[in-house]
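Trainee: I have a new protein to look at and I would like to learn how to read it. Could we go through it together, one question at a time?

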Amino acid sequence: EVWSINPRTGPFTGGTLVKVYARGMVFTGSNLCRFGETIVVADYIEDEYALCESPGWINANQSLVSLTVSNNGQEFSTLGVTFEYKKYAIVKAIEPSYGFFAGGDTILLKGEHFSATGNAWCCFSSKNCDDLSESIITRGTVLND
């Protein structure tokens with residue numbers, strides 16, 4: 001039985017590593033996760049959680065899928081948790097486009113597909129935000145017009 005997942009959302013393109021917490025999860029070498037009807041291998045198992053990579057999802061009309069697990073590769077848990085596929089956020093404008101080197105400025109990002117939860121994270125980097133050692137991550141708030 002899946003009781004929690006983190007994160008609960010990811011892009012339609014897939015590739016999100018999801019920690020899946022489930023009662024009775026044990027390493028068997030045949031562990032699987034199922035996103036809707038798509039089955040993927042559970043890459044890592046440790047005490048009651050598995051790490052699974054979300055597959056790409058092509059049905060834009062159905063963004064919510066049930067995420068279930070299997071220890072034996074055949075029988076899946078009857079209770080799952082909902083995983084939501086979302087579009088990538090698109091930043092169209094940044095105001096102001098500059099700030100103090102020491103930081104502390106409030107920045108307004110305008111764009112599309114920001115999370116409706118009101119929570120956001122921003123990455124500032126002179127290189128690539130995939131390299132967290134070279135990045136500054138800060139929390140933000142999503143505002144609606």
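Mentor: Happy to! Let's begin with a term: helices and strands are DSSP runs, a helix having at least four residues and a strand at least two, numbered from the N terminus. Keep in mind that this is a predicted model.

Trainee: With that definition, how many helices and strands does the protein have?
Mentor: Read the elements from the N terminus on, and you meet β-β-β-β-β-β-β-β-β-β-β-β-β. That order agrees with the count for the protein, which is 0 helices and 13 strands.

Trainee: What share of the residues counts as buried?
Mentor: Here a cut-off helps: a residue is buried if its relative accessible area is under 20%. The protein has 145 residues, and the share that counts as buried is 28%.

Trainee: Which residues touch the most other members of the largest nonpolar core?
Mentor: A general point comes first: in soluble globular proteins, nonpolar side chains tend to be buried together. The largest nonpolar core here has 21 residues. Elements that give two or more residues to this core are strand 1 (2-6), strand 3 (17-22), strand 4 (32-35), strand 7 (49-53), strand 8 (64-70) and strand 9 (81-86). The members that touch the most others are Ile5, Val20, Cys33, Phe35, Cys52 and Phe83.

Trainee: Phenylalanine 35 caught my eye. Which residue is its bridge partner in strand 8?
Mentor: Start with the strands: strand 4 and strand 8 run antiparallel and are joined by 4 bridges. Strand 4 is also joined to strand 5 (residues 38-41), again antiparallel, by 4 bridges. In strand 5, phenylalanine 35 has threonine 38 as its bridge partner. In strand 8, the partner of phenylalanine 35 is leucine 67.

Trainee: In the hairpin of strand 6 and strand 7, which residue takes a positive phi?
Mentor: As background, most residues other than glycine have a negative phi. The hairpin of strand 4 and strand 5 has 2 residues between the strands, and glycine 36 takes a positive phi near 65° there. The hairpin of strand 6 and strand 7 also has 2 residues between its strands, and the residue with a positive phi, near 30°, is aspartate 47.

Trainee: Staying with strand 7, which residue there is the bridge partner of tyrosine 21?
Mentor: Strand 7 pairs with strand 6 (residues 44-46) through 3 bridges, running antiparallel. In that pairing, glutamate 46 has tyrosine 49 as its partner. Strand 3 is joined to strand 7 by 5 bridges, also antiparallel. On that side, the partner of tyrosine 21 is tyrosine 49.

Trainee: How many residues apart in sequence are the parts that arginine 23 and glutamate 1 tie together?
Mentor: Their side chains meet in a salt bridge, at 3.4 Å from N to O. Arginine 23 is partly exposed, with a relative accessible area of 48%, and glutamate 1 is partly exposed at 40%. Arginine 23 lies in the loop between strand 3 and strand 4 and glutamate 1 in the segment before strand 1, so the parts tied together are separated in sequence by 22 residues.

Trainee: A search of the whole structure finds 2 salt bridges. Which residue forms one with lysine 110?
Mentor: The closest N and O atoms of this pair are 3.4 Å apart. Lysine 110 is in strand 11 and its partner is in strand 10 (residues 90-95), 15 residues apart. Lysine 110 is partly exposed at 41% relative accessibility, and the partner is partly exposed at 38%. That partner is glutamate 95.

Trainee: Which proline does a cis peptide bond join to glutamate 95?
Mentor: In general, most peptide bonds are trans. One cis bond runs from asparagine 6 to proline 7, with omega near 0°, and proline 7 is in the loop between strand 1 and strand 2 (9-11). At glutamate 95, omega is about -10°. The proline lies in the loop between strand 10 and strand 11, and its name is proline 96.

Trainee: Last one: what is the area of the nonpolar surface patch that includes Leu109?
Mentor: Leucine 109 is found in strand 11 (residues 108-112). Patch residues need over 30% relative accessible area, and leucine 109 is partly exposed with 32%. Together, Val91, Ile94, Ile107, Leu109, Phe114 and Phe124 make a patch of about 470 Å².

Terms used
Residues numbered from 1 in each chain as written. Predicted model: local features only at pLDDT ≥ 70, side-chain atom pairs only at ≥ 80, totals over all residues. Heavy atoms only, no water. Patch = residues over 30% accessible without salt bridge, like charges linked within 9 Å, V, L, I, M, F, W, Y side chains within 5 Å. Areas by Shrake-Rupley, 256 points an atom, 1.4 Å probe, with all protein chains shown as cover. Salt bridge = Lys/Arg side-chain N within 4 Å of Asp/Glu carboxyl O. Buried < 20%, exposed > 50% of the residue type's maximum accessible area, 1.4 Å probe, protein only. Core = buried A, V, L, I, M, F, W, Y, C linked by side-chain atoms within 4.5 Å. Pairing = 2+ DSSP bridges.
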